[in-house]
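Good morning, and thank you for making time for this item. I should like to go through one structure with you, beginning with its strands and ending with the ligand. Please have the view on your screens.

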Amino acid sequence: MGLVWGVGDFQDGELRGLITWGEDEEDPRLWEVVILATALRWHRRGVARGLKEHLLERARSREILRVVSFVHGDNEAMIALNRALGAQIDPDPNDAEHVLYMCRIDPFEARPATSA
Ligand SMILES: CC(C)(COP(=O)(O)OP(=O)(O)OC[C@H]1O[C@@H](n2cnc3c(N)ncnc32)[C@H](O)[C@@H]1OP(=O)(O)O)[C@@H](O)C(=O)NCCC(=O)NCCS
């Protein structure tokens, strides 16, 4: 068990999306995104991008050097979002079947997804 932190995107009391993350136990300057999800009816309206950019801004303010997420290789939406933010995307070295991809973002080098 461990602690995760989270931020919700609320509009008029409705939860449009959610991002949660955890701190790496061995590397205090690494955060791992645990969940990023947008409610179906808000898909493709910038909610996840806004949440991830919020997390990157928060990471910068805490001098976090790396934000990592593990994404299923079929999850085109998440891969595209990470790529737009400037993530380095590689097969997860701990996943022999290469089902998962590791998306790594340096918060200080991330670019706004809108400029991609
Ligand atoms: C992945 C997910 C969070 C994206 O949420 P979203 O709010 O719809 O994403 P955004 O509107 O912020 O999209 C930002 C960018 O991501 C990419 N993207 C998002 N959805 C996409 C899709 N279905 N196909 C391709 N690219 C997509 C695009 O580059 C998009 O920018 P654009 O709309 O200007 O082209 C959402 O699809 C979701 O909740 N999926 C289920 C949960 C999940 O798989 N979470 C990840 C594991 S925890």
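Strands 4 and 6 run antiparallel and are joined by six bridges. Within that pairing, Val71 has Tyr101 of strand 6 as its bridge partner. I should say at once that this is a predicted model. Strand 6 is also joined to strand 5, residues 88–91, by four bridges, again in an antiparallel arrangement. Here Pro91 is the residue that stands opposite Tyr101.

What do the side chains do along strand 6? They alternate: Tyr101, Cys103 and Ile105 are buried and point to one face, whereas Leu100, Met102 and Arg104 point to the other and are not buried.

Ile105 brings us to the largest nonpolar core, where it is among the residues with the most contacts, together with Ile19, Leu51, Leu55, Leu56, Ala59 and Val67. The core comprises 22 residues. Strands 2, 3, 4 and 6 and helices 1 and 2 each give two or more residues to this core, and helix 1 gives the most, with six. Ile19, setting aside neighbours within four places in sequence, is in contact with residues including Val33, Ile35, Leu51 and Leu55.

Let me turn to the ligand. Twenty residues surround the ligand, and Thr38, Ala48, Arg49, Ala77 and Leu81 come nearest. Which element supplies the largest share of this shell? Helix 2 does, with six residues; strand 3 and helix 1 each supply at least two. By class, the shell has 11 nonpolar, five polar and four charged residues.

Key. Residues numbered from 1 in each chain as written. Predicted model: local features only at pLDDT ≥ 70, side-chain atom pairs only at ≥ 80, totals over all residues. Near = placed C-beta within 6 Å. Nonpolar A, V, L, I, M, F, W, Y, C, P; charged D, E, K, R; others polar. Core = buried A, V, L, I, M, F, W, Y, C linked by C-beta atoms within 7 Å. Buried ≥ 20, exposed ≤ 12 C-beta atoms within 10 Å, placed from the backbone. Contact = placed C-beta atoms within 7 Å. Pairing = 2+ DSSP bridges.
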